[in-house]
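Please open the model in your viewer and take this short tour with me. We will go from selection to selection, and at each stop I will tell you what is there.

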Amino acid sequence: MVYLFLDADDYLLSRRIAGLKAARKHRPDVVLCRWSVAGLNGHQVLEAMRQDSELNLTPFILLTDATERFATGGASPSHTRRAMELGADDCLVSPFTHVEISNTIAARINRQVATNDLYMTALRNSAEKINRLAHYDSLTDLPNYRLLHQRLSQAITTAHSSQQTLAFLSISLDRLRLVNTVMGYPAGDELLKAAARRLHACIPTGATLARLTANQFAIVLPNLERNQQARETAENLMDALSRPFSLPGQEVFVTTSIGIAFLLHQSEDIYTLLRQADAALEYAKKQKSNHAQTYRSDMPVVFSDQITMETWLRYALERDEFEVYYQPQLNLAAGKIEGSEALIRWHHPEHGYISPAKFIPLAEDTGLIVEIGKWVLETACAQAKRWISMNRGIRYISINLSSVQFNQSDLIDQIKNTLANSGLLPSELELEITETALMQDAESAISTLGELKALGIRLAIDDFGTGYSSLSYLKQLPIDTLKIDNCFVRGANEDPKNQAILQSTIELAHRLDLQVVAEGVETPDEQALLSQYQCDYLQGFWVGKPMAAADFEAQMM
Ligand code: C2E
Ligand code: MG
Ligand code: MG
C-alpha cells in the first residue's frame, strides 16, 4: 500500500507541483494532505488531482488543525466545505490519535476496494453483454449465425482430424409468416421463443442450435458415429414442433421442414455444407409438410441459401442493383394510360434477375425493407413528377407499401419529405397496402390511413379478396381504390364463379364510392368482361408489362 503525504501549506508552487508529480509517479492508494494556514493552496492541489485522469479516484483525506480554525485564512468551515465540494473524501481535525488516522485510512481504502470491485463487475457485465449481443440472438437467446459459423468451423476441423463425421441441419418453421401477419409480431415472437425451447430440449450434448434468420434455425451435430443419428434427431425435432403451441388467445400449429447435409469429404468446407443443407431444405419444403430431407448430389444448389441472399440483399442498395419498373394502368372509360404501378426489380450481377416475390419477404423479415422501400418511394415519386410535368396524360403513380413500412413510426414524415423533395402533389401519389397488412392491427391501421388521407394521398387496397378482410372495417377505412387480385381475373371468361366475384366486387366498391383496378388482365376477352362490369382501371400484361422507365416513356406516353 502506498500513502502519500502532502503538505499543502507549502507556499512554494514548485513544492506543490513536486507533490503532484510524486502522486502521479507513485500512484498512491490514498493521499493525506495537511491543510491549514494557506488553505487555498490545498484547494489547488485537490483540484489538480481531481482533474488528473489517473488520480481523480484516489481517496483524499484532509488534515486540518483545530487551533487554526479561527485564524485568518485558516481551514475555516467554509474551506473544509469547499474541499469536500472539490472531491475530498474525508476530513480529520487535529489533534488526532494514530488509531483515528489509521481507521480513517482503512475506511477509505475499504471503500475504494468496494468501488473498484463494483467497477470491475460493471465492466465485466458490459463485456459479457457486448459479447452476447455479437454472438447471440436477442429474442431466443440462441447462438446467432456468427457464433454458429465459429462452432461449425471448429467442428469441421475436429471432424477432419478425428475421422468422425458431422451433420448440419437447416430447419424452417413454415408458418411463422402467417402467424406474424394474422396474429401480429408479438405472437410470432412468442412462437419463436417456444419453438426454440422445444428444439433445444431435443438436441444432444455437444450440439449447437442457432437461429439464422427470422424463421430458420440450424443445428451442428458433431462427433457422429452413425449417419442415422442425424435422421433420428430430425425426427425428434419434428415431433416436438408438431405439438400445438398455446399463444395468447389461440392454439397454433406449425409445420417444419428440415434439410440435412453430412460432411463427407476432406475437401468440404463450411459454405458447401450450408449450401447443401439449404438445397435439401428447399427440396423438403416442396414435399409434404413436416419433412426432413438429406442432401443428394443431384439436388440443385440454387439461390435458396437464405443467408447468402440476406448478405447480398444488404449490399444491393449501395451497389445500385435495384431498379424500379413501371406497369401501366389503363382508364377503361377514357381509353388512356393515366398512371402506373412502381414495381421493384433486383438485377444481381451473378444470379441475374431475382423476383420481388422472393426477396421482399426476406427484406421484411430482416427489416431491410425500410431502406429499400424508402428508395423506391423516392425514385418513383421523382420519376412520376417528371412524367406528370411532361403533360402527356400521366396523372399519378401507385407505390406498394409493405406492412413493416406501414407500421414505422416515422412513415408520415418520410412521405411528407419525399413529396416535398420531389415536388409531387399528394393527390398524385397512391399507396398500395394489402388487406392482410391492414388487418394485423385494424384500429391502428385506420388511424395511420387517416393521417395519410389527411395529407391528401390516395390509398388503395392491394390483392383484394385474397387476405383476411372484414366488411365492417372496409366500411371504416378511408380508402379510394380496390385492386382486385389476379386470381379472380385470370381465366374469368371461363369461370362463372370468378365472374360473379368480379361483378359483385365492382358493384360493392362503387356503392362504397371506391374505384376499382383489376390486376393481371392478360387477354382482350378479360378486358371486354371487365368493361361490361364497368371496372374503372385495368392493369396487366394485356395493357403492358412492367417496364424500365425509358421503355415506359417510349411505349406508353
Ligand atoms: P403486386 O403489388 O400485387 O404487383 C402485381 C404483380 O403482378 C407484379 O409482380 C406484376 O409483375 C404482376 N403482374 C402484373 N400484370 C400481370 C399479368 O397480367 N399476369 C401475371 N401473371 N402477373 C402480372 P411482381 O413485380 O413480381 O411483384 C410481386 C409483388 O412484390 C407485388 O405484388 C408486390 O406485393 C411486391 N412488390 C413489388 N415491388 C414492391 C415494392 O417496391 N415494395 C413493396 N413493399 N413490395 C413490392
Ligand atoms: Mg401492388
Ligand atoms: Mg396486387
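**Stop 1: a metal site**

Select the magnesium ion (ligand 3): its coordinating atoms come from Asp 462 (OD), Asp 463 (OD) and Glu 519, which gives OE twice, at 2.1 to 2.4 Å. Keep in mind as you look around that this is a predicted model. Along the sequence, the donor residues of this magnesium ion follow the spacing D-D-x55-E.

Now add the magnesium ion (ligand 2) to your selection. It lies 4.0 Å from the magnesium ion (ligand 3), and Asp 462 coordinates both.

Next, colour the two aspartates by accessibility. Asp 462 counts as buried because its relative accessibility is 7%, under the 20% cut-off. Asp 463, at 24%, is partly exposed.

**Stop 2: an open sheet**

Move on to the five strands that make up an open sheet with mixed pairing, in the order E6-E7-E5-E10-E11. Select 208-213 for strand E6 and 291-294 for strand E11: these are the edges, and each has a single partner strand, so one side of each has no neighbour in the sheet. On average, neighbouring strands here are turned by 20° against each other, direction ignored.

Zoom in on strand E10 (residues 256-262), which runs parallel to E11 and is joined to it by four bridges. Show Ser 257 and you will find His 291 of E11 opposite.

**Stop 3: helices on the sheet**

Finally, select residues 228-242, helix H8, which lies across E5, E7, E10 and E11 and runs at about 165° to E10. Then pick helix H9 (residues 270-286): H9 packs on the sheet, touches E5, E7, E10 and E11, and makes about 145° with the direction of E10.

Definitions and conventions. Residues are numbered from 1 along each chain as its sequence is written. Chains are lettered from A and ligands numbered from 1 in the order in which they are written. This is a predicted model: local features need pLDDT of at least 70, side-chain atom pairs count only at pLDDT 80 or more; totals for chains, interfaces and linings use all residues. Side-chain values use heavy atoms; hydrogens and water are left out. Donors are N, O and S atoms within 2.8 Å of the metal (3.2 Å for Na, K and Ca); water is not among the atoms, so sites may look incomplete. Buried means under 20% relative accessible area, exposed over 50%, partly exposed in between (1.4 Å probe, protein chains only). Two strands pair if DSSP finds at least two bridges between them. Helices (H or I, at least four residues) and strands (E, at least two) are DSSP runs, numbered from the N terminus. Axes are lines fitted to C-alpha atoms, for helices over the stretch in contact, and angles run from 0 to 180 degrees between N-to-C directions. Contact means heavy atoms within 4.5 Å.
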